[in-house]
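Visitor: I'd like to learn how to read a structure like this one. Could you walk me through it, feature by feature?

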Amino acid sequence: MAPLSNKQQRRSPMNKPSQALIDIAPATGFAIQTRNLNLWYGTFQALYDINLDIRDGMITSLIGPSGCGKSTFLRSVNRINERLGYVRIEGRIEVQGQNIYDPACELVQVRKQVGMVFQRPNPLPISIRENILFGHKLHAKGKGGRHDDIVEQALRQVLLWDKVKDKLSRKATELSLEEQQKLCIARLLPVKPKVMLMDEPCSALDPKGTEAVEELIWELRGEYSILIVTHNMAQARRASEECIFMLMGKVVEQAPTEQLFVTPANRETADYIEGRYG
Ligand SMILES: Nc1ncnc2c1ncn2[C@@H]1O[C@H](COP(=O)(O)OP(=O)(O)OP(=O)(O)O)[C@@H](O)[C@H]1O
Ligand SMILES: [Mg+2]
């Protein structure tokens, strides 16, 4: 889909959904679409005119050197940035065709649709069982299935059930880092988000843990649209189907992963994946 023209942009500021985009999005199979997204921390501009169409049901990796804006972009897609008073955002972000910055769009609804996994596992300092049920109780208000079943199903899906089934009341923070990260993914599942954002989810793990968590992410493909930030080129290549390369707050290239790695269209992409900087 072509980016909106400047004229269209002026007619459709962030808080007024453009009917054209809203009509088109559900049929196009995109999980996240951004148009002319710009972001400033105070006077510092961190994102420049980001126009992305991120496909539904696929794993997309986001790569680029430190400080290029990967986390900033991810945090814009579930509106975490807005808690910082000095952040200003212009442009549009749609998740499953819905303008998430529309005043009519409630933050709690965005958080239900868009789950996030961080660099360091951040389970709540409560039991394993209550970590899994926390989001569910918040969003489903207790409805939709027996709690025991929900806990078992989520933990089975991340291959943790056999390890923790006899210690569900133990504190989640006592688990190994790999198990904690799996738990952080598991606790998103009962909420049934459409999109999962993962900001370097394996960076705190050892190689064995990285492999286990990566395999798990791969398993979730199809059911969820996953956008994953990584500094690990091998991981991006192994684990994703589409790849986006960013540099200094701008998107340089978006392509099917194999294509981006084998025949990058831009010199900067080639330099980065060959390890010449970053
Ligand atoms: N909360 C903040 N306040 C002010 N500036 C910030 C803030 N967060 C990030 N920045 C700046 O915005 C730019 C992009 O940062 P961001 O963390 O998004 O990069 P990144 O690509 O995720 O980097 P890394 O690979 O190191 O995690 C950097 O110049 C950074 O210093
Ligand atoms: Mg980052």
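Visitor: Let's begin with the ligand. Which residues surround ligand 1?

Guide: Keep in mind that this is a predicted model. The residues around ligand 1 are Tyr-41, Phe-44, Ala-46, Gly-64, Ser-66, Gly-67, Cys-68, Gly-69, Lys-70, Ser-71, Thr-72 and Leu-84. Two elements, β2 (44-55) and α3, give two or more residues each to that shell. The top contributor is α3, with three residues.

Visitor: How many of the shell residues are nonpolar, polar or charged?

Guide: The shell around ligand 1 splits into five nonpolar residues, six polar ones and one charged one.

Visitor: Since α3 gives the most to that shell, I'd like to know more about it. Is helix α3 mostly covered or mostly open?

Guide: The way to read this is to count neighbours: a residue is called buried when 20 or more other C-beta atoms lie within 10 Å of its own. Helix α3 covers residues 70-77, and six of those eight residues are buried. They are Lys-70, Ser-71, Phe-73, Leu-74, Ser-76 and Val-77. Lys-70 and Ser-71 also belong to the set around ligand 1. Just past the helix, Arg-79 has a positive phi of about 60°.

Visitor: On to sheets. What holds the strands of a sheet together?

Guide: Strands in a sheet pair through backbone hydrogen bonds, and the pairing can be parallel or antiparallel. Here, one open sheet has four strands in the order β2-β1-β4-β5, paired antiparallel. At its edges are β2 and β5 (98-99), each with a single partner strand, so one side of each has no neighbour in the sheet.

Visitor: How many bridges link β1 and β4?

Guide: Strand β1 (residues 30-41) and strand β4 (residues 87-95) are joined antiparallel over eight bridges. Among the bridge partners, Tyr-41 goes with Val-87 of β4, and Arg-35 goes with Arg-92 of β4. Tyr-41 has come up before, as one of the residues around ligand 1.

Visitor: And what links β4 to β5?

Guide: Two bridges do that job, and the strands run antiparallel. Glu-94 stands opposite Asn-99 in β5. The two strands make a hairpin with two residues between them, and Gln-96 in the turn takes a positive phi of about 50°.

Visitor: There's another sheet, I think. In what order do its strands come?

Guide: This open sheet has six strands, ordered β6-β7-β8-β3-β9-β10, with mixed pairing. Its edge strands are β6 (114-117) and β10 (250-256), each paired on one side only. On average, neighbouring strands here are turned by 20° against each other, ignoring direction. For one pairing in detail, take strand β3 (residues 59-63) and strand β8 (residues 225-229): they run parallel and are joined by four bridges. In that pair, Thr-60 stands opposite Leu-227 of β8.

Visitor: How do I describe two helices that pack together?

Guide: You give the angle between their axes and the distance between those axes. For helix α8 (residues 177-186) and helix α9 (residues 207-219), the angle is about 15° and the axes are 9 Å apart. That makes α8 roughly parallel to α9, an angle under 35 degrees being the cut-off. The crossing of α8 past α9 is right-handed.

Visitor: You've mentioned positive phi values already. Where in the chain is Leu-159, and what is its phi?

Guide: Leu-159 sits in the loop between α6 (147-157) and α7 (161-164). Its phi is near 60°, which is positive in a residue other than glycine. Lys-192 also has a positive phi, near 55°, and is not glycine either. Lys-192 lies in the loop between α8 and β7 (195-199).

Visitor: Why does Leu-159 count as partly exposed?

Guide: Because it has 14 C-beta neighbours inside 10 Å. Lys-192 has 16 such neighbours, so it counts as partly exposed as well.

Visitor: And what about Val-158, buried or exposed?

Guide: Val-158 lies in the loop between α6 and α7, and its 23 C-beta neighbours inside 10 Å make it buried. The C-alpha atoms of Val-158 and Leu-216 are separated by 6.3 Å, although these residues are 58 apart along the chain.

Methods. Residues are numbered from 1 along each chain as its sequence is written. Chains are lettered from A and ligands numbered from 1 in the order in which they are written. This is a predicted model: local features need pLDDT of at least 70, side-chain atom pairs count only at pLDDT 80 or more; totals for chains, interfaces and linings use all residues. A residue is buried if 20 or more other C-beta atoms lie within 10 Å of its own, exposed if 12 or fewer, and partly exposed in between; C-beta atoms are placed from the backbone. A residue is near a molecule or strand if its C-beta atom, placed from the backbone, lies within 6 Å of it. Ala, Val, Leu, Ile, Met, Phe, Trp, Tyr, Cys and Pro count as nonpolar, Asp, Glu, Lys and Arg as charged, and the others, Gly among them, as polar. Two strands pair if DSSP finds at least two bridges between them. Axes are lines fitted to C-alpha atoms, for helices over the stretch in contact, and angles run from 0 to 180 degrees between N-to-C directions. Angles under 35 degrees count as roughly parallel, over 145 as roughly antiparallel, 65 to 115 as roughly perpendicular and the rest as oblique. A crossing is left-handed if the near helix is turned anticlockwise from the far one by less than a right angle, and right-handed if clockwise.
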